[in-house]
Amino acid sequence: LRAALALSPGEVIEAIAASGLRGRGGAGFPTGIKWRTVAEAAGPEKFIVCNADEGDSGTFADRMLMEGDPFLLLEGMAIAAHAVGAAKGFIYLRSEYPDAEAALIAAIQAAPFVGGTWEGLRFDVELRIGAGAYICGEETALLESLEGKRGMARAKPPLPAIAGFMGAPTVVNNVLTLAATATILAEGPAAHAALGAGRSKGTMPFQLSGNVRRPGLYEMPFGLTLRTLVEGFGGGT
């Protein structure tokens, strides 16, 4: 975060774009383009929304990150806020994650850069708990729920980057995407871009569960095939 605050908002966005970071919630949209769109959009206020509604069967990467290092997520949200000019952020967490909820509450209360002004950055974070609707993992349905409405997908356009939470320009990224930005600013965009394959840069945490020999959470360079993973385990799962 200190490395980000030493740069202008535009320079932070350029660093994220140069790193090749793409959204890790499934769509793979370039994060730098999304942040630049929000930064350039007109509006009296802007928001950062973290999609932590990890509802797909057998998934737990977001949960483990939030429980193990919630400050990494908060730093990523603060970096995004500095980059696009937002002063408020929301974490939309699924109700089935009570341990992650406790960890995030403690981190929000302890983080010196949340809830006031820190080294010139004014940023606050609010934790919201979902009611268990799977559709709210979709970004526009999440925004509807965040506004106190029934969680239903919105028609697009407009995109959330133009008219998101309460009609304001909004960055909506998932847990893994926002957490990755802290590492990119700390180590530099070139280090992130050096990993991965093709347009898929950096690393990707993913989970193996079910009837497999070595279940758990793994992190590998983005874009590698399942065959590479299997060969790394000595063949066969």
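Biologist: Why is T177 called buried?
Modeller: Its relative accessibility is 1%. Buried means under 20%. T177 is under that limit, so T177 counts as buried. Keep in mind that this is a predicted model.

Biologist: Where is T177 found, and which residues does it touch?
Modeller: T177 is in helix α8, residues 175–187. Leaving out residues up to four places away in sequence, T177 touches L21, R22, G23, R24, G25 and T31.

Biologist: How do you know that T177 touches them?
Modeller: Contact means heavy atoms within 4.5 Å. T177 meets that test with each of the six, L21 and T31 among them.

Biologist: What about L143: buried or exposed?
Modeller: Buried. Its relative accessibility is 0%, and the limit is under 20%, so L143 passes. L143 lies in helix α7, residues 139–146.

Biologist: Which residues does L143 touch?
Modeller: Beyond four places away in sequence, they are V49, R154, P160, G164, F165, T170 and V172. Take F165 as one of them. L143 and F165 are 22 residues apart in sequence, yet 5.8 Å apart in space, C-alpha to C-alpha.

Biologist: Why is I129 called partly exposed?
Modeller: I129 has a relative accessible area of 37%. Buried needs under 20% and exposed needs over 50%. The value falls in between, so I129 is partly exposed.

Biologist: Where does I129 lie, and what does it touch?
Modeller: I129 lies in strand β4. Apart from residues up to four places away in sequence, I129 touches L93, R94, S95 and E101. A168 is 39 residues from I129 in sequence and 21 Å from it in space, C-alpha to C-alpha.

Biologist: What is notable about the phi of E119?
Modeller: Phi of E119 is near 50°. That is a positive value in a residue other than glycine. E119 sits in the loop between β3 (116–118) and β4 (121–129).

Biologist: What makes E119 partly exposed?
Modeller: Its relative accessibility is 48%. Exposed means over 50%, and buried means under 20%. E119 meets neither test, so it counts as partly exposed.

Biologist: And why is M166 called exposed?
Modeller: M166 has a relative accessible area of 57%. That is over 50%, so the label is exposed. M166 is not a glycine, but its phi is positive too, about 55°. The place of M166 is the loop between α7 and β5.

Biologist: Which peptide bonds are cis at P157 and P158?
Modeller: A cis bond joins K156 and P157, with omega about 0°. The bond from P157 to P158 is also cis, with omega near 5°. P157 is in the loop between α7 and β5 (170–174). P158 is in that loop too.

Biologist: Turn to the helices. Why are α4 and α5 called roughly perpendicular?
Modeller: α4 (residues 61–68) and α5 (residues 70–84) pack at an angle of about 95°. Roughly perpendicular covers 65 to 115 degrees. The angle lies inside that range, so the name fits. Their axes are 5 Å apart.

Biologist: Which residues meet there?
Modeller: L65, M66, E67 and G68 in α4 meet P70, L72 and L73 in α5. They divide into five nonpolar, one polar and one charged.

Biologist: What makes α2 oblique to α5?
Modeller: Their axes cross at roughly 125° and come within 7 Å. That angle is above the 115 of roughly perpendicular but not over 145, where roughly antiparallel begins, so α2 is oblique to α5. The crossing of α2 past α5 is left-handed.

Biologist: Which residues of α2 (residues 9–19) meet α5?
Modeller: P9, V12 and I13 of α2 meet I79, H82 and A83 of α5. This contact has five nonpolar residues, one polar and no charged.

Biologist: Now the protein overall. What does it contain?
Modeller: Ten helices and nine strands.

Biologist: How do you know that the protein is as compact as a globular protein of its length?
Modeller: Its radius of gyration is 17 Å. The globule rule gives 18 Å for 237 residues. The two are close, so the description holds. The C-alpha atoms fill a box of roughly 55 × 40 × 40 Å along the principal axes.

Biologist: How much of the protein is buried?
Modeller: Of the 237 residues, 47% count as buried. Among contacts with a separation of 6 or more, 65% come from residues 24 or more positions apart.

How values were computed
Residues numbered from 1 in each chain as written. Predicted model: local features only at pLDDT ≥ 70, side-chain atom pairs only at ≥ 80, totals over all residues. Heavy atoms only, no water. Axes fitted to C-alpha atoms, helices over the stretch in contact; angles between N-to-C directions. Helix = DSSP H or I, 4+ residues; strand = E, 2+ residues; numbered from the N terminus. Parallel < 35°, antiparallel > 145°, perpendicular 65-115°, else oblique. Nonpolar A, V, L, I, M, F, W, Y, C, P; charged D, E, K, R; others polar. Left-handed = near helix turned anticlockwise from the far one by under 90°. Rg over C-alpha atoms; globule rule 2.2 N^0.38 Å. Buried < 20%, exposed > 50% of the residue type's maximum accessible area, 1.4 Å probe, protein only.
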